[in-house]
Amino acid sequence: MEIFVYRGEWGLPSIDYECNRLLAYLKFSGAKVTVNFNGNPFSSPNGMLPYMIADGKKVAGYGRIVEHLSAAGIGPPRATNDASVNVGDESQQATRINGHMQYVQENLHPYFMYMLWGDPKNVDTTRTLYAKRIPIPFNFYCPRKYVLRTNDITQSLAGFSLEDSIEFHDVSEFQHNAKTCLNWIATKLEDSRWFVGDRPTEVDAMLYGYLSVLLKHTLPTNVLQNHIRQCPKLMQYVDRTTTTYFAKEGFNSFTATRNNASTGQQKDSNAGSPNDGGASSSSSSAGGGERSEKSGNDAKFHTGQQQDPDDGPKERRKRYILSGLVATVAMVGFAILNGILTLPNEGNHGNFIQYDDPGDYDDDN
């Protein structure tokens, strides 16, 4: 099985809340699943990430992926290590966890989506962030799917469309419910490391998906980020989960660029001193051996350098040709609509100039 997600930022494994939620679910489960951090949403059945390839079939969306994993016996352990817990108590605990997730979904999700994809001050920032992680030309329209999904939420729950004027965007109830939900989460985490019991469960994966993006995403207007920063328990919860489970998968573009530059300088210095090549090589391989031994079960979580199987040379060539054709059609259409280019008329028969004969000749004779 292989999971495809967006590459992360700000030290997080992914920029997307559903991807972070799924990655946390896999980490809590100890699943041996290959994770590709260069996923292409155009290859996904629903045009979004995450998606999974299992048994030659593609499964898209967090819910469907978890159903497939649960059928395969993959899931977070129960919330307590107490072996004396009977089946009835486990059933009640599962019901309670589902109730918690339903409450978060109903109260936090609407304003979360509006803040990222509906607020006119934030949508361009979020769209650019996603577009940088999607291949051309798909980065022009794949993010649009998130905007449409957010528009469905606002129309059904708040009675306005994202295309309406900003004065009609009444999200005060959304914002109130979201803040109330965050306060409730902070209260639950006041005396506990995890939301339910002494071990992470599926509700912790859900909370990490939302809270990590809310806390780290740099938006022009981020009301919930300011609210989270006033709740130290929520900040500790996100930082602790990231450090414990995603120390290697966390990505930061600034750090990666700086590391690439230092690596290039190191290669140049090694090339200038051939006598030290063997020592540096041996020490590097030894360090790699130590890292591989320490990684253990995390070996399947790759660094994001591998490519999507639908992103090979042939597929890239097709995209370049397609993007060229789209650009050509767009330019020709623009020229025709603005009168720069005119199409020949059937009556002209190839003549560039045709005069109409009025038939009113003055006969001087």
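**Exercise 1. Determine which residues of α4 are buried, and describe how α4 packs against α8.**

Solution. Step 1: in α4, the buried residues are H109, P110, Y111, F112, M113, Y114, M115, L116 and W117; buried means under 20% relative accessible area, exposed over 50%, and partly exposed in between, with a 1.4 Å probe and protein chains only. Helix α4 is thus mostly covered, with nine of its nine residues buried. Helices (H or I, at least four residues) and strands (E, at least two) are DSSP runs, numbered from the N terminus.

The structure is a predicted model, in which local features need pLDDT of at least 70, side-chain atom pairs count only at pLDDT 80 or more, and totals for chains, interfaces and linings use all residues. Residues are numbered from 1 along each chain as its sequence is written, and side-chain values use heavy atoms, with hydrogens and water left out.

Step 2: helix α4 (residues 109-117) packs against helix α8 (residues 202-216) at an angle of about 35°, and their axes are 12 Å apart. Axes are lines fitted to C-alpha atoms, for helices over the stretch in contact, and angles run from 0 to 180 degrees between N-to-C directions. Step 3: the crossing of α4 past α8 is left-handed; a crossing is left-handed if the near helix is turned anticlockwise from the far one by less than a right angle, and right-handed if clockwise.

Step 4: H109, F112, M115 and L116 in α4 meet Y210, V213 and L214 in α8, where contact means heavy atoms within 4.5 Å. By class, this contact of α4 with α8 has six nonpolar residues, one polar and no charged. Ala, Val, Leu, Ile, Met, Phe, Trp, Tyr, Cys and Pro count as nonpolar, Asp, Glu, Lys and Arg as charged, and the others, Gly among them, as polar.

**Exercise 2. Describe how α8 is oriented against α10, and name the residues in contact.**

Solution. Step 1: α8 and helix α10 (residues 232-245) pack at an angle of about 105°, with axes 10 Å apart. Therefore α8 is roughly perpendicular to α10; angles under 35 degrees count as roughly parallel, over 145 as roughly antiparallel, 65 to 115 as roughly perpendicular and the rest as oblique. Step 2: D204, L207, Y208, L211, S212, L215 and K216 of α8 make the contact with L234, M235, Y237, V238, D239, T241 and T242 of α10. Step 3: this contact of α8 with α10 has eight nonpolar, three polar and three charged residues.

**Exercise 3. Characterise the packing of α1 with α2.**

Solution. Step 1: the axes of helix α1 (residues 17-29) and helix α2 (residues 62-71) come within 10 Å and cross at roughly 15°. Therefore α1 is roughly parallel to α2. Step 2: α1 passes α2 in a right-handed crossing. Step 3: from α1, E18, R21, L22, Y25 and L26 meet Y62, I65, V66, L69 and S70 in α2. The contact of α1 with α2 comprises seven nonpolar, one polar and two charged residues.

**Exercise 4. Is V59 buried or exposed, and which residues does V59 contact?**

Solution. Step 1: V59 is placed in strand β4 (residues 57-60). Step 2: V59 has a relative accessible area of 15%, so V59 is buried. Step 3: apart from neighbours within four places in sequence, V59 is in contact with Y51, M52, R64 and I65.

**Exercise 5. Summarise the protein chain.**

Solution. Step 1: the protein chain has 13 helices and four strands. Step 2: of its 365 residues, 40% count as buried.
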